[in-house]
Amino acid sequence: MSIEVKNVTKIYGEQRALNEVSFSINSGNIVGFLGPNGAGKSTMMKIITCYLPQSEGSVKVCGFDVVDQPIEVKKRVGYLPEHNPLYPEMYVREYLEFIAGIHKIPNKQKRIDEMIDLVGLTIERKKKIGTLSKGYRQRVGLAQAMIHDPEVLILDEPTTGLDPNQIVEIRNLIKSIGENRTVMLSTHLMQEVEAICDQVMIINRGNIVANDKAENLRAFQNQQMIRVEFDKSVAPNMLKTIAGVTDVERVNDKTWLLGSASDKDVRQAVFAFAVEKELSVLTIQKEEKRMEDIFKKLTS
Ligand code: ADP
Ligand code: MG
């Protein structure tokens with residue numbers, strides 16, 4: 001077991017940012033920590049990495065307690081914080097030398113070369129960090145997090161703020177890094193979890209509301225949702241009679257979200273229903289899966 005979190009509560013003043021959170025993460029998995037902004041993701045990660053003490057409960061990383069044995073924990077954990085704090089005035093190499101020094105890494109230069117190669121920084125290695133694009137700065141952050149070859153990597157929103165190409169590159173990098181270590185990464189994006197994670201935990205307002213294999217989440221994503229707007233009010237029990245519709249959710253009296261199996265196209269049936277009820281369909285469109293839908297499904 002790489003990470004064991006038991007009944008962890010974090011209180012900021014009057015706010016309960018984490019509420020008796022428990023979970024465990026097996027070695028070698030890439031785990032997505034998914035939740036809306038303010039859910040408590042960064043707080044949990046700061047506790048796991050010994051940057052912040054919990055108010056209650058216990059956390060063990062590779063068997064070591066984060067409060068009692070922080071040095072042992074830090075030896076085994078690499079951390080990329082949310083806003084990737086770097087020194088813009090430092091050169092890439094200089095910065096990595098500084099970090100390697102903190103970790104007292106033997107054979108510093110060799111290890112730095114390996115890291116630069118691993119994260120794909122070779123062509124940018126002689127530049128000042130401040131002149132790098134956000135994607136390359138993220139690579140510097142990843143190199144920093146991995147330089148002491150930690151068993152566990154904690155990455156707080158590693159792709160937030162990157163452009164689509166950079167996102168793909170960083171995701172691929174995380175995937176390959178994750179082949180031989182435990183990675184916990186936070187995100188507020190479903191697709192991210194889908195793209196790279198084996199396990200997913202969903203946190204909402206300080207509570208873990210789901211903890212499941214990513215494939216189970218994928219199965220749910222295969223459900224389809226369409227948004228229909230009629231010219232008049234419609235009752236939900238009428239909509240439920242449409243062939244193929246399995247789920248009805250109100251947006252307003254005239255606008256509804258209709259769920260169905262992904263291999264069923266219910267749009268024709270919706271039009272037939274509208275004709276029969278003397279309604280006009282003003283819009284009909286496929287809906288993106290929203291976080292709330294997944295919350296509901298996984299917590300019901
Ligand atoms: P996330 O990373 O999921 O967006 P955070 O862990 O950053 O969430 O924050 C969870 C909640 O705790 C938020 O409501 C946030 O405002 C609050 N919070 C975070 N850090 C502090 C702090 N140092 N002092 C007071 N409140 C905080
Ligand atoms: Mg955060």
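Colleague: In this predicted model, which residue has a backbone N or O atom 2.6 Å from an oxygen atom of ligand 1?
Modeller: Polar contacts here are pairs of N or O atoms within 3.5 Å. Ala39 offers a backbone N or O atom at 3.1 Å from an oxygen atom of ligand 1, whereas the backbone atom that lies 2.6 Å from such an oxygen belongs to Gly38.

Colleague: Which residue places an N or O atom of its side chain 2.8 Å from an oxygen atom of ligand 1, and how much of the ligand's accessible area does the protein cover?
Modeller: The side-chain atom at 2.8 Å from an oxygen atom of ligand 1 is an N or O atom of Lys41. On its own, ligand 1 has 560 Å² of accessible area, and the share of this that the protein covers is 63%.

Colleague: Which element supplies the largest share of the shell around ligand 1?
Modeller: The shell includes Gln15 and Ala17 as well as Lys41, Ser42 and Thr43, and by class it has four nonpolar, six polar and one charged residues. Strand S2 (15-25) and helix H1 (41-48) each supply at least two of the shell residues. The largest share, three residues, comes from H1.

Colleague: Turning to the largest pocket, which helix gives the largest share of its lining?
Modeller: The largest pocket has a volume of about 660 Å³ and is lined by 21 residues, with Tyr51, Lys74, Ile102, His103 and Gln144 nearest its centre. Its lining divides into twelve nonpolar, six polar and three charged residues. Helix H2 (70-76), strand S6 (77-80), helix H3 (92-102) and helix H5 (134-146) each supply at least two of them, and the largest share, four residues, comes from H3.

Terms used
Residues numbered from 1 in each chain as written. Chains lettered and ligands numbered in written order. Predicted model: local features only at pLDDT ≥ 70, side-chain atom pairs only at ≥ 80, totals over all residues. Heavy atoms only, no water. Near = heavy atom within 4 Å. Polar contact = N/O pair within 3.5 Å; in protein donor to acceptor, adjacent residues only side chain to side chain. Areas by Shrake-Rupley, 256 points an atom, 1.4 Å probe, with all protein chains shown as cover. Nonpolar A, V, L, I, M, F, W, Y, C, P; charged D, E, K, R; others polar. 1 Å grid on protein atoms, 1.4 Å probe; cavity = no way out; pocket = protein on both sides within 12 Å on 5 of 7 lines; lining within 4 Å. Points joined across faces, edges and corners; volume = space filled by probe spheres on them.
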